[in-house]
Amino acid sequence: MRRTYRRIQLTKEGKKAAACIAAGAALLALLLFFLLFRVTSVEVVGSTKYTDEEIKGYALESPLTSNTVLAMTFKSHMEADNIPFVESFDLERLSRQKLRIHVNEKKIIGYIVEGTDKLYFDKDGLVVELVSMDEEEIAQMESEQTQLEELKQQAEAEEALQRAKEAEAALTGHVQEEEDDGEEGESQPVQEVQMIQAEEVNQGNENATEFHAAVTDVPRVLGITEGSVSLGEKIDAVDQGVFNTVLGITRMVEKYGILPEIVLFNENLEITLVYQEGNIHCELGKDTLLEEKITRVAAIMPKMKEYTGILHLEDYTEDTTNIIFSKESLYTLKSRIAEAGGMDESDPAEYDVPTEGDAAQTGDDSQGTEGNSYDTAGNPTE
């Protein structure tokens with residue numbers, strides 16, 4: 001059987017109509033595609049430094065990210081160029097119209113101040129971000145320099161007065177009694193400081209979240225550099241192992257909610273955590289038993305809000321039962337910070353108020369007060 005075929009010849013008008021129908025169908029399909037897969041809901045995870053709205057603005061700025069299919073096809077991973085503290089974004093499609101943004105933050109563990117810039121570095125010592133101080137921070141830095149000079153003058157005056165009293169006593173053979181012992185001993189009753197057992201301090205314990213330093217989420221680090229610091233370059237550190245130490249400290253103080261304002265290393269790489277605008281120094285000594293030491297810092301810091309001095313854990317061992325807190329002059333504490341940060345060229349030791357044994361003085365309100373020790377159960381010892 002022979003098949004016959006009939007050729008349909010479209011007129012010019014018919015061709016136009018067919019083209020319009022095809023175009024309309026394609027347009028309708030495209031419209032349905034964008035309507036059905038239009039992004040209507042976005043979830044953000046992994047961001048600690050920016051709000052969800054800020055992250056959405058950064059990650060979804062391209063028109064392609066307004067559609068879940070196109071976003072996953074062309075923008076599933078995006079490098080975060082010129083965004084402080086963020087390394088990249090990853091997109092995850094949760095449903096037809098919902099995306100999740102995974103924020104991959106730069107692993108910053110601390111920062112160093114150069115002039116009026118804060119240079120943030122990662123666990124390898126690479127400077128990954130530079131942030132200029134705002135006017136308030138610059139004013140605060142200038143205020144600290146002024147305060148240091150005032151404290152220095154006060155310490156010199158007190159030392160001169162003490163020497164005059166000693167000279168008078170040597171000439172007269174009479175030791176002058178302190179006339180204001182009562183007044184000077186009232187303001188800082190160290191007997192109120194208690195030490196809490198380390199096993200009681202954890203993320204779910206009230207004591208672990210009772211104290212929070214008013215600082216950024218990483219501390220300023222002093223005493224680790226041998227030269228200038230530049231963005232995009234690795235810090236020339238006094239010891240490369242110091243970055244692992246800073247990383248460990250940052251993780252532990254975050255765990256217990258006791259971020260210090262400053263982590264200070266001396267020339268022997270002994271560690272001091274600084275709190276309360278420089279009023280409290282927690283001396284941890286070498287990088288040994290850091291978790292145990294920081295556990296004890298976490299336990300006692302909520303009780304230290306009214307004190308000025310040093311919490312001594314530099315000689316801490318697993319067998320330690322007593323922890324000493326000694327009062328110090330505010331100038332002594334501030335000058336240590338200034339010297340490590342290059343703020344003050346004078347020798348701070350020249351103006352330190354004399355101490356006796358574990359006892360130290362605190363300027364106007366605690367001269368001659370002895371250090372106090374506490375066992376791990378919180379009981380004062382003789």
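These exercises work through a predicted model, each with a stepwise solution.

**Exercise 1. Salt bridges across the chain**

Task: Find which residue forms a salt bridge with Glu-105, and say what parts the pair ties together.

Solution:
- Step 1. Glu-105 pairs with Lys-49, and their closest N and O atoms are 3.7 Å apart.
- Step 2. Check the cut-off: a salt bridge needs a side-chain nitrogen of Lys or Arg within 4 Å of a carboxyl oxygen of Asp or Glu.
- Step 3. Glu-105 lies in strand E4 (residues 98–105), while Lys-49 sits in the loop between strand E1 (41–45) and helix H2 (52–59), so the bridge ties together parts that are 56 residues apart in sequence.
- Step 4. Glu-105 is buried, at 12% relative accessible area. Lys-49 is partly exposed, at 28%.

**Exercise 2. A helix and a strand**

Task: Say where Glu-137 and Lys-118 lie, and whether Lys-118 is buried or exposed.

Solution:
- Step 1. The side chains of Glu-137 and Lys-118 meet in a salt bridge, 2.7 Å from N to O.
- Step 2. Glu-137 belongs to helix H4 (residues 135–172) and Lys-118 to strand E6 (residues 117–122), so parts 19 residues apart in sequence are tied together.
- Step 3. Lys-118 has 7% relative accessibility and counts as buried. Glu-137 is partly exposed, with 28%.

**Exercise 3. Two helices and a network**

Task: Which helices hold Lys-255 and Glu-291? Then name the residues that salt bridges with shared partners join into one network.

Solution:
- Step 1. Lys-255 and Glu-291 form a salt bridge at 3.3 Å, N to O.
- Step 2. Lys-255 lies in helix H7 (residues 242–256) and Glu-291 in helix H8 (residues 290–300), so this pair links parts 36 residues apart in sequence.
- Step 3. Lys-255 is partly exposed, at 35% relative accessible area. Glu-291 is also partly exposed, at 36%.
- Step 4. The network joins Glu-43, Glu-92, Lys-98 and Arg-100.
- Step 5. The count of salt bridges comes to eleven.

**Exercise 4. Surface patches**

Task: Name the residues of the negative patch and of the nonpolar patch on the surface.

Solution:
- Step 1. Glu-267, Glu-270, Asp-315 and Glu-339 form the negative patch.
- Step 2. Glu-339 lies in helix H9 (residues 330–341). Glu-339 is partly exposed, at 46% relative accessibility.
- Step 3. The nonpolar patch consists of Leu-28, Leu-31, Leu-32, Leu-35 and Leu-36, with about 450 Å² of accessible area together.
- Step 4. Leu-31 is in helix H1 (residues 12–36) and counts as partly exposed, at 48%.

**Exercise 5. The largest nonpolar core**

Task: Which residues of the largest nonpolar core touch the most other members, and which element gives the most to this core?

Solution:
- Step 1. The core has 41 residues; Phe-121, Leu-273, Tyr-275 and Val-297 touch the most other members.
- Step 2. Several elements each supply at least two residues, including E6, H7, H8 and strand E10 (271–275).
- Step 3. H7 gives the most, with eight residues.

**Exercise 6. Positive phi**

Task: Locate Leu-269 and Glu-277, and give the phi of Leu-269 and of Glu-277.

Solution:
- Step 1. Most residues other than glycine have a negative phi.
- Step 2. Leu-269 has a positive phi of about 60°. Leu-269 is in the loop between E9 and E10 and is partly exposed, at 25% relative accessibility.
- Step 3. Glu-277 has a positive phi near 55°. Glu-277 is in the loop between E10 and E11 and is exposed, with 59% relative accessible area.

Definitions and conventions:
Residues numbered from 1 in each chain as written. Predicted model: local features only at pLDDT ≥ 70, side-chain atom pairs only at ≥ 80, totals over all residues. Heavy atoms only, no water. Patch = residues over 30% accessible without salt bridge, like charges linked within 9 Å, V, L, I, M, F, W, Y side chains within 5 Å. Areas by Shrake-Rupley, 256 points an atom, 1.4 Å probe, with all protein chains shown as cover. Lys, Arg positive; Asp, Glu negative; His and termini not counted. Charge placed at Lys NZ, Arg CZ, Asp CG, Glu CD. Helix = DSSP H or I, 4+ residues; strand = E, 2+ residues; numbered from the N terminus. Buried < 20%, exposed > 50% of the residue type's maximum accessible area, 1.4 Å probe, protein only. Core = buried A, V, L, I, M, F, W, Y, C linked by side-chain atoms within 4.5 Å.
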